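Biologist: Could you take me closely through one helix packing and the sheet beside that packing, and then set both against the rest of the fold?

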Amino acid sequence: MTSDASKLDSSAVNSENSGSMADQPAMAIRVADRLERLPPYMFGRINAILYQKRSEGIDMVDMGMGNPSDPPQPEVIAKLAEAASDKANHGYSQANGIASLRREVANKYKRKYGVTLDPESEILSCIGSKEGFSHMCLALLGPGDTAIIPAPYFPIHMYGVILASGNVVSLDVADPDKFLSNVAYTCENLSPRPKALIINYPHNPSSATIDPSFFIEVVRLARKYDLMVIHDFAYADVAFDGYQPPSFLAAPGASKVGVEFTTMSKGYNMAGWRVGFCAGNPDMIRALATIKGYYDYGMFQAVQLAAIVALKETEAAVEAQSAIYQGRRDVLVAGLRQLGWEVPTPKAGMFAWAQVPEPWRSAMSTIDFAMMLLEDGNVVVSPGSGFGPAGEGYLRLALVESEERLQQAVRQIGDCLKRNPVTK
Ligand SMILES: Cc1ncc(COP(=O)(O)O)c(C=O)c1O
């Protein structure tokens, strides 16, 4: 076969490729049904305008994404550079993360939350927590399965389930007690019962927080209704005024019913590095490891070695970073309140969650309001409706600009609203 093929006249092949075949109309690409279940990406429109304005040289204050703008610590970067220069680190690494990194995660859980974890069976590294979360959905859920998710929702909490062909019931997170009683109500009344409970506190986008007793009740409900729990603890390290976000795994019996995802994206300013962890129930961890074993080969080893340095040596910097976010929170919340906006003071996370002020709230959709701030105010915010219908009427503002720039944002917002009064 190969010897026959090698005798082919290559000019004939080339002329065929460059001739009639290339002139054929494009074949219709028939994507999978699961792709059709995804709505158009709302932030795509915002990002396109942001890009256009920036390329025209316009200074935009960008509070759109929770993408940290400060760098990781120098010793972490130095370790990455050193490890990247070592030829031993360039092959495939361990898919679950190297043992020394998983041990460091166990040490942090012990130090910070008093939780004992076995690095072998109860901890797994992911390529960012979003990757781990999505694949966990694929490992646990399928057609006919239902997951309870927060409302409003961080998009992957909804679409991780949808992409796994599961169904969702979304429950309002603003009042944690009500959230729990709604979980119980849903389990009592939905048939078949939900299989998984997805929670996320400190919550993105609303910044709602809880105290440790919340998770004790979660474990009780999980036991009673046979619910697997996935807690997305992305904002574990960003908290203010002495508030300590509780770990789900610190609740007695938590690792019998669920797992918790953490990340180095937020507190450690390592969002682009893609380092996250899943910890807790060994059977759920094994299920995730099985899926990941097929899909990926784990993280670049040099990144894992640098992440160890970050976990071991930069705790003080993580706290200092929280203090920076707290200062920004104070400036932004005070400024918006001076404009007459209703904004609760977040106790944790990287966002202010503000109601669109009247009369604009009644006069236009949240996306139109956000587009007005973008186009006429040169300020980027996320419209709450990007986080589902429960977010309509709200804006999410990320604390990723400096205090001075946030003051500038408030001025620009105020001026923009003066230029755009609601006329009946
Ligand atoms: C609630 C929540 N979970 C997960 C993530 C993604 O984190 P990672 O960078 O670890 O994938 C984010 C990032 O914005 C988030 O807000």
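Modeller: In this predicted model, helices α6 and α13 are roughly parallel to each other, because an angle under 35 degrees counts as such and their axes cross at roughly 20°. The axes of α6 (residues 99-113) and α13 (residues 301-313) come within 9 Å, and α6 passes α13 in a left-handed crossing. On the α6 side the contact is made by Ser 100, Leu 101, Glu 104, Val 105 and Lys 108, which meet Gln 304, Ala 307, Ile 308, Leu 311 and Lys 312 of α13. Sorted by character, the residues of this contact comprise five nonpolar, two polar and three charged.

Helix α6 also lies across two strands, β2 and β8 (276-280), and runs at about 115° to β2. Both strands belong to an open sheet of seven strands in the order β2-β8-β7-β6-β5-β3-β4, with mixed pairing. Because β2 (123-126) and β4 (167-172) each have a single partner strand, they stand at the edges of the sheet, and one side of each is left without a neighbour there. From one strand to the next the twist averages 20°. Within this sheet, β5 (residues 196-199) and β6 (residues 228-232) pair in the parallel sense over four bridges, and Ala 196 stands opposite Met 228 in β6.

A second helix pair can be described in the same terms. The axes of α4 (residues 42-55) and α16 (residues 366-377) come within 10 Å and cross at roughly 10°, so these two helices are likewise roughly parallel to each other. Here Met 42, Ile 46, Ile 49 and Leu 50 in α4 meet Ile 367, Ala 370, Leu 374 and Glu 375 in α16, and the residues of the contact divide into seven nonpolar, no polar and one charged.

There is also an open sheet of three strands, in the order β9-β12-β11 with antiparallel pairing. Its edges are β9 (351-355) and β11 (382-383), each with a single partner strand, so one side of each has no neighbour in the sheet. Five bridges join β9 to β12 (residues 394-398), the two running antiparallel, and Gln 355 has Tyr 394 in β12 as its bridge partner.

As for the record, an unreviewed UniProt entry annotates residues 59-413 as "domain: Aminotransferase class I/classII large". In the model that span is 44% helix and 15% strand, and its end C-alpha atoms lie 14 Å apart.

How values were computed:
Residues are numbered from 1 along each chain as its sequence is written. This is a predicted model: local features need pLDDT of at least 70, side-chain atom pairs count only at pLDDT 80 or more; totals for chains, interfaces and linings use all residues. Axes are lines fitted to C-alpha atoms, for helices over the stretch in contact, and angles run from 0 to 180 degrees between N-to-C directions. Angles under 35 degrees count as roughly parallel, over 145 as roughly antiparallel, 65 to 115 as roughly perpendicular and the rest as oblique. Two residues are in contact if their C-beta atoms, placed from the backbone, lie within 7 Å. Ala, Val, Leu, Ile, Met, Phe, Trp, Tyr, Cys and Pro count as nonpolar, Asp, Glu, Lys and Arg as charged, and the others, Gly among them, as polar. UniProt positions are given in the numbering used here, feature names are shortened, and annotations may be inferred rather than shown by experiment. Two strands pair if DSSP finds at least two bridges between them. A crossing is left-handed if the near helix is turned anticlockwise from the far one by less than a right angle, and right-handed if clockwise.
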